[in-house]
Amino acid sequence: MKFLQRIGALTFAFLATVGRISRFTATAFSHAVRPPFYPRIIGQQMIEIGFFSLPVVGLTAVFAGMVLALQSFTGFSRFNAEGAVANVVVISITRELGPVLAGLMVSGRIGASMAAEIGTMRVTEQVDALTTLSTNPFKYLVVPRLIAGLAMLPLLVFVADIIGVLGGYLVSVFSLGFNAANYLQSTFDFMEPLDVVSGLVKAAVFGMIIVIMGCYHGYHSQGGAQGVGKATTNAVVSSSILILFFDFFLTGIFFATDG
Amino acid sequence: MDEPQSKIRINEVRKSFGTKVVLDGLSLDIKKGESVVVIGGSGVGKSVMLKCILGLLIPESGSIAIDDQETVGISQNDRDRINDKVGMLFQGAALFDSQSVWENVSFGLMTKNHSQSEAREIAIATLARVGLSADIADKNPAELSSGMKKRVGLARAIASNPEIILFDEPTTGLDPIMGDIINDLIVRCVAETGATTVTITHDMQSAHKIADRIAMIFQGKIIWIGGTDEINDSGNEYVDQFIQGRTDGPIQMAVRS
Ligand SMILES: Nc1ncnc2c1ncn2[C@@H]1O[C@H](COP(=O)(O)OP(=O)(O)OP(=O)(O)O)[C@@H](O)[C@H]1O
Ligand SMILES: [Mg+2]
């Protein structure tokens, strides 16, 4: 009985949190379409999210591409199917690894810093101060980050796609002895627009998840430095889990009918 | 034109956090152009009262009217319009640490179609009013001492010449001379711009200087309010104990319980 009670209580708490986050998201989007807008802050956030994440996202992508080529080569050579390496690399990178790795990396970088920054502003009453200066904290803090996240994640993932495929190419050509022209040829022959497009759509969704979780936990943090620390951890953990969940979910939608 | 009209009318406001009742039917009527000082022990809910006036905290019941307009339960848009008339100095200054000092001071002006250079000029002029020189204008708030932060917060609160200014402990953390400069500044704000001010302070000397009336909060209510000249013989033992800073008296009972 005690056990069932606990399960019940946890379920309610979980549903309540889902409800609060949904409302937070809805509020953010409703403010995103109404003035005033803060183009300068949107620009700053775009640079912060898009430009400064390039090194870490690029590095993860190039190594992911290289490992993919190596692993699929050892696997496929058992069936004399080495020719499929290019195919596997390009599909895995564009559909899955590009968006998921970029999403996880950016959530560690950006989600954490958003939660810490907004959380500190909350506990030092800076968020309250915004309100008293007739500035809506949602419009000023959340919306610019949301727009920047939605815009920059697909761009980052597009770059990650290119770099990831390049990583696979480098290993295949310089270490596994593939012919460079043939490798590129089969990369482009196999790749379908939907592979890339689905990855970019995922990226936009992940961008939204990262920003919403960072802002939500920061916005609702309380209790000084400890509270801000908790908000930061929660932001990263929850956005990472949600990214993997939505990745599965979106893959189902995009490729349910695939052969 | 006999009785001056109410600027802020707080009526029977109740606010609690969980089971802890902080404001328990607090009523306070502040006239236009009046300077009211609120005193009371640490943690009795003085800051909470200011936050209720600003709409940062929503009372469970009761009414707060500003210029005869009810503010409890109004829409965000109406709230923003009311907050345009109000300046607030937070107890911890609450400066935006991602922005420079002058951007902080002129933050409320930026939304009102001032150009960048105009806003900067106003910011520097306002900094001068609180005794700060122009060469800190480009500094980051993190580089300031806490007394300087307080004064920058003060400058931000008064920069747009609001009709109502709320000061949460404006002189705490300042040396006596600077404290007195700030007292003069508040007196001048009221005299020159006709602003209505509510000031929270623990500093009785400052209270005497700036207040038209002094109100004391205890256990969630205003237990005494009267003219500044009346406070020394208020006949209220809570007030007497508080302004004399004695440890023995009725207030101690509440501390022990
Ligand atoms: N956000 C909050 N959540 C929970 N409790 C709060 C919150 N804000 C204030 N309180 C409680 O309300 C009470 C009054 O707090 P308040 O900050 O108004 O005190 P104060 O009168 O301003 O004291 P001081 O002179 O020390 O600043 C305190 O007991 C505090 O614990
Ligand atoms: Mg206080």
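This presentation walks through the cores, a sheet, a hairpin, the pockets and some unusual backbone sites of the structure shown above.

Colleagues, please keep in mind that this is a predicted model.

I begin with the interior. The largest nonpolar core comprises 76 residues. Within this core, Ile10(B), Leu28(B), Met49(B) and Leu166(B) have the most contacts. The element that gives the most to the core belongs to chain A: helix H6, residues 137-174, with 11 residues. A second core, of 43 residues, lies apart from the largest one, and Ile39(B), Val105(B), Leu154(B) and Ala211(B) are among its members.

Let us look at one core residue in detail. Which residues does Leu28(B) touch, leaving aside those up to four places away in sequence? They are Ile8(B), Arg9(B), Ile10(B), Val38(B), Met49(B), Ala215(B), Ile222(B) and Ile225(B). Two of the names on that list, Ile10(B) and Met49(B), have already appeared with Leu28(B) among the core residues with the most contacts.

I turn now to the strands of chain B. Four of them form an open sheet in the order S2-S1-S4-S5, with antiparallel pairing. Strand S2 (20-31) and strand S5 (69-70) are at the edges; each has a single partner strand, so one side of each has no neighbour in the sheet. Further in, strand S1, residues 6-17, is joined to strand S4, residues 61-66, by five bridges. At one of these positions, Ile10(B) has Ile64(B) as its bridge partner in S4(B). As a general reminder, strands of a sheet pair through backbone hydrogen bonds.

Chain B also contains a hairpin, formed by S9(B) and S10(B) with two residues between them. Strand S9 covers residues 213-218 and strand S10 covers residues 221-227; they pair in the antiparallel sense over six bridges. Across this pairing, Ile214(B) stands opposite Gly226(B). In the turn, Gln219(B) has a positive phi of about 50° although it is not a glycine. Is Gln219(B) buried or exposed? With a relative accessible area of 56%, Gln219(B) is exposed.

Next, the pockets. The largest has a volume of about 1200 Å³. Its lining draws on 35 residues, and those nearest the centre are Arg122(A), Asp128(A), Tyr219(A), Gly55(B) and Leu56(B). Which helix gives the most to this lining? It is H1(A), with five residues. By class, the lining has 14 nonpolar, 14 polar and seven charged residues.

The second largest pocket holds about 650 Å³ of space. It is lined by 25 residues; nearest its centre lie Arg40(A), Ile41(A), Tyr140(A), Gln99(B) and Phe107(B). Here H2(A) gives the most, with six residues. This lining has 11 nonpolar, nine polar and five charged residues.

I close with two backbone sites in chain A. Most residues other than glycine have a negative phi, and most peptide bonds are trans. Against that background, the peptide bond from Pro35(A) to Pro36(A) is cis, with omega near 0°. Pro36(A) is placed in the loop between H1 and H2 of chain A. The other site is Ser134(A), which has a positive phi of about 55° and lies in the loop between H5 and H6 of chain A. Ser134(A) counts as buried because its relative accessibility is 17%, and buried means under 20%.

How values were computed:
Residues numbered from 1 in each chain as written. Chains lettered and ligands numbered in written order. Predicted model: local features only at pLDDT ≥ 70, side-chain atom pairs only at ≥ 80, totals over all residues. Heavy atoms only, no water. Core = buried A, V, L, I, M, F, W, Y, C linked by side-chain atoms within 4.5 Å. Buried < 20%, exposed > 50% of the residue type's maximum accessible area, 1.4 Å probe, protein only. Helix = DSSP H or I, 4+ residues; strand = E, 2+ residues; numbered from the N terminus. Contact = heavy atoms within 4.5 Å. Pairing = 2+ DSSP bridges. 1 Å grid on protein atoms, 1.4 Å probe; cavity = no way out; pocket = protein on both sides within 12 Å on 5 of 7 lines; lining within 4 Å. Points joined across faces, edges and corners; volume = space filled by probe spheres on them. Nonpolar A, V, L, I, M, F, W, Y, C, P; charged D, E, K, R; others polar.
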